[in-house]
Amino acid sequence: MQESSAMANALSGLSILSESVADYSISPVMKLKGLSSFYTRPFNLSQISIFGLHNAVNINNLYVGLGNTYLYHQDYIYHNPYLNAHYCWHGFALGASSHMIYDAVDEEDGNYDWAYDLGVAYNWKDYGAELKLLRQNLSSSQLCLSLKTALSSEVNIALGYVNPNTYEDFFRIGMVAYLHECISVIGSWQNEPNRFGTGVQLRRGKLALMYSIRTHTDLNPTHSLSLDVYW
Amino acid sequence: MKTALGLVFYLIVGLAFAQVVDDELLVIPELVKEDLADINIDAQYKEYDSVKGAFSISGYSSEVQYITSYIHLKKKDWQIRGGMRHENEFLANLQFKHRQSFVLGSFSPTWGNGLVLKRQSGNNRMKNPPHPSSFSPSGLGIDLQYNCWGLIALASQVERDVRLSEEMISFLPKTKQSYICTSTEQILAAGLYYRSDLIEAGSLYYYQLYDRAFSSSRADSLLQTVSTYLILNSTSNTLKAELAMHGKTPALKSEWCLQSGMFRNTWSYTRLLDYQRPAYASKAMLLNTLDNREEISVELQYKPLKALQFNFGTVINHRRGDINDPQWLSHSSFKATFKNSNLLIALKLKLIDREILTSIDSIYIHSKPLHLRFNLTADYNVDSNWRIECRAHYHQQEKAAALSNGSYWAQHIAYSSSGLNICGGFRVNSSANYKMLIYQNNDMGYEVLGHNNLQAEFELGYKWSLIEASMQIRQEVLNDKQTKLRFVITTVL
């Protein structure tokens, strides 16, 4: 549920390669500003819809992001608004996010949880590294380490290691290929469980439209559509 | 000039609603719920001060349907202001004013710190008529000023809706409601005051009579009060105090304000021992309306940078009388605001602390549940046309058996260009077991949220020449899937 934006869906959550403001929900050190909205249908279940609207702005070296992801099912509601702040200085970025996670079964059983993300990132020329601790103090917390490099001026790749609190560790790799100034293709793979993600982004000026799909070993693939605005 | 004024007016009216009270550090909507509609309308009238005429009409359609309209006309020394609301019945408040001296119709008289009439601010003591659904003094008001001296007088008679119990008034609503019974309220007041740059002082006699008795022993149908106030001004200090005497012990409300460079503080002390709140007095204490209590509040403001401001405030209300009343109540707030030409971010944290006394098996049980509230306001001007807004509230209320929490999250994207305004967004409220009150830009100034809900919202506005029209649609995605529609047409001359 955390990786619900179109970009995160295509990248299997490798936020180090992401160019979507919506992924502030999975990384406190995105160093992006703009607006992102998305619609996701998890596992192609027509009864469940996930919507997101996320914004980020900067004040000199300080970036502030906030947004909300809302999941709706007839009998279940989940939403996760958050506030992020991170500071960038000479390639370093240090940030934290606070999430308020609400879920309710029908109207009777609403429950609030507060969770925190911490992250640090460093970028130098074509290389980058990101270490993040997500949803600290929840059972779904995870520690993620990601490294990235540029294979060429058109292709960036990344490798990630994820240590979830309650599941087995897994690896993931991702790639972004800039085929044309207007078209990018994104792909990723992870083990445990074995999943592929891919997407295509059409970009024109400050606008970017993206569609992505991500497979699952037992369930139908997840589809996602997003519209991003950069400023 | 007219166009510029009109533009400023439209901008401010749109923003001023719901922000007037929201900016006050220690206030929460539950404490001022009944006053919000009046405060909002007063803010709207203030925007009319600089124009010759204005007229607005707005309609609302949802589970209830109503229409409200406001008018302002000014020619030389005369001014007409008023509003009307039609829901199930027609309600109106209208005021004729000659200069600032004579007022006929509905008005809001002010005096001192608000122990007898509304709290005084500025030179004009006979303020605007309140919201059409609110009761107000109706009759004649006079405020004559000659050099440093002034004379204030008012005579009012109002037929007020009341709820009766054994032929006595058990409830006197502030707003016009359809109760079967009414009671005649008569008010007479006269006062003299002196005003200079350094000192201001005055004394007022106030008489209030209802033609029925009150069922509560704390209220009397005949109330006679003498109020005296004093205001001392220096370059950086202001001291205000008012004494109101109608029982054995005078009621006192005092305030000291210091402004020094980037620092500002306000201390206030209120002591009400034998006090009956007059019909149109301000709420003397923030946290309680009962007598036999005292309240101390402190507000500190520090602005270390041009764009950065910190506010801290606390208020404690303590029992001085009946053991059945709460022994003490306390609110504390902290607010950090960053504001430059493009960005506004305000974070507010409020702790609501109180001791609850419950009688169980003839034993009093004390409990101190934790209530806290968190508010976030964020606005960003992307460029001269685009703007994004976010509002978030989280309320945590600890009860004896279970938590009672609620949250509200709203995000909007707005575009404006050449008189066209388009705004879209959504609101999520998650308060399955708790009714949240939040400030809203509507007729009443607030909204009560219960249940879980998701609302999509769209607003379209256009301004041409002196007329502006806007329409707002809110569609509930969950629950009843109700559609709320609101339109506003405003013209400024």
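Among contacts in chain B between residues at least 6 apart in sequence, what percentage join residues at least 24 apart? In this predicted model, the share is 49%. The architecture of chain B comprises four helices and 29 strands. Of the 493 residues in chain B, 48% are buried. The surface that chain B exposes amounts to about 23,600 Å², and carbon and sulfur atoms account for 59% of that area.

The interface of chain A and chain B was examined next. On the side of chain A, 25 residues are in contact with chain B, and on the side of chain B, 28 residues take part. Between them the two chains bury about 2,300 Å², of which 71% lies on carbon and sulfur atoms. Five elements of chain A each give two or more residues to the side that touches chain B, namely strand 2 (49-59), strand 3 (62-73), strand 4 (76-89), strand 5 (92-105) and strand 6 (109-124). Strand 3 of chain A provides the largest share of this side, with six residues. When the residues on the side of chain A that touches chain B are sorted by class, 18 are nonpolar, five are polar and two are charged. As for specific interactions, zero salt bridges are counted between chain A and chain B. Polar contacts, by contrast, are found across the interface in six residue pairs, with both residues of each pair at pLDDT 80 or more.

One residue of chain A, A:Asn61, illustrates how a loop meets a part of the chain that is distant in sequence. A:Asn61 is located in the loop between strand 2 and strand 3 of chain A. The relative accessible area of A:Asn61 is 34%, a value that lies between the limits of 20% for buried and 50% for exposed residues, and A:Asn61 therefore counts as partly exposed. Although A:Asn61 and A:Cys88 are 27 residues apart along the chain, their C-alpha atoms are separated by 5.3 Å. With residues up to four places away in sequence left out, the residues that A:Asn61 touches are A:His86, A:Tyr87, A:Cys88 and A:Trp89. The side chain of A:Asn61 also forms a polar contact of 3.5 Å with the side chain of A:Tyr87.

Several loops show notable backbone geometry. In chain A, the peptide bond that joins A:Glu192 and A:Pro193 is cis, with omega at about -5°. A:Pro193 belongs to the loop between strand 11 (183-190) and strand 12 (195-204) of chain A.

In chain B, positive phi values occur at B:Asn147 and B:Ser418. B:Asn147 is not a glycine, yet its phi is about 50°. The loop that holds B:Asn147 runs between strand 8 (138-146) and strand 9 (149-165) of chain B. B:Asn147 counts as exposed because its relative accessibility of 68% is over 50%. For B:Ser418, likewise a residue other than glycine, phi is near 50°. B:Ser418 is found in the loop between strand 25 (403-417) and strand 26 (420-439) of chain B. With a relative accessible area of 66%, B:Ser418 is also exposed.

Terms used:
Residues are numbered from 1 along each chain as its sequence is written. Chains are lettered from A and ligands numbered from 1 in the order in which they are written. This is a predicted model: local features need pLDDT of at least 70, side-chain atom pairs count only at pLDDT 80 or more; totals for chains, interfaces and linings use all residues. Side-chain values use heavy atoms; hydrogens and water are left out. Contact means heavy atoms within 4.5 Å. Buried area is the accessible area (1.4 Å probe) that two parts lose on being put together, summed over both. A salt bridge is a side-chain nitrogen of Lys or Arg within 4 Å of a carboxyl oxygen of Asp or Glu. A polar contact is a pair of N or O atoms within 3.5 Å; within protein, one must be able to donate a hydrogen and the other to accept it, and residues adjacent in sequence count only if both atoms are side-chain atoms. Ala, Val, Leu, Ile, Met, Phe, Trp, Tyr, Cys and Pro count as nonpolar, Asp, Glu, Lys and Arg as charged, and the others, Gly among them, as polar. Buried means under 20% relative accessible area, exposed over 50%, partly exposed in between (1.4 Å probe, protein chains only). Accessible areas come from the Shrake-Rupley method with a 1.4 Å probe; for residues, only the protein chains shown count as cover.
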